[in-house]
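I opened this notebook page to record a few look-ups on surface patches, loops and distances. The entries follow the order in which I went through them.

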Amino acid sequence: EVMAVVVDSTRVPSRMAGMPWEARGFAYSLRQRLWRQHLGLMEEATPSVDITDPVCASTYYDTWMATAVANTAYYEKTYPC
C-alpha cells in the first residue's frame, strides 16, 4: 500500500465542464500526461484531439469512446474468437 500527499499551490487556467477553472499545476500536468499515454497520443502531434476539459461530453464521446471503439475493433481483428 502506498500513499502520497502532494501540496501544490501553483494554479493553471483550465476548463471544467466548459467553464473556466483553476486547476492545480501538478494535478493538471499529471492528468494530461496520463491521458495522452492511455489514449496513444504521446508520440504524435494531434491538435484535433482536445483533452483539456476532463468532464466535457465531447472529451468523453469524441476521444475516450472513439478510442475504445477503435481499440475493440483492433483487438477483435487481431484475436478472432
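Entry on the surface patch. I looked for nonpolar side chains grouped on the surface of this predicted model, and I found one patch made up of V6, F26, L30 and L34, which together have about 330 Å² of accessible area. From this patch I picked L30 for a second look, and I placed L30 in helix α1, which covers residues 25-38. The relative accessibility of L30 is 38%, and because that value lies between the 20% and 50% cut-offs, I noted L30 as partly exposed.

Entry on the loop between β1 and β2. I then turned to G18, which I located in the loop that links β1 (11-16) with β2 (19-24). I noted G18 as partly exposed, since its relative accessible area comes to 31%. I also checked a distance from this residue: G18 and L41 are 23 residues apart along the chain, and their C-alpha atoms are separated by 22 Å.

Entry on A17. I found A17 in the loop between β1 and β2 as well. Is A17 buried or exposed? I computed a relative accessibility of 52% for A17, and because the cut-off for exposed is over 50%, I recorded A17 as exposed. Setting aside neighbours within four places in sequence, I listed D53 and V55 as the residues in contact with A17. Finally I looked up A17 and T59, which are 42 residues apart in sequence, and I noted a C-alpha to C-alpha distance of 9.9 Å between them.

Notes. Residues numbered from 1 in each chain as written. Predicted model: local features only at pLDDT ≥ 70, side-chain atom pairs only at ≥ 80, totals over all residues. Heavy atoms only, no water. Patch = residues over 30% accessible without salt bridge, like charges linked within 9 Å, V, L, I, M, F, W, Y side chains within 5 Å. Areas by Shrake-Rupley, 256 points an atom, 1.4 Å probe, with all protein chains shown as cover. Salt bridge = Lys/Arg side-chain N within 4 Å of Asp/Glu carboxyl O. Helix = DSSP H or I, 4+ residues; strand = E, 2+ residues; numbered from the N terminus. Buried < 20%, exposed > 50% of the residue type's maximum accessible area, 1.4 Å probe, protein only. Contact = heavy atoms within 4.5 Å.
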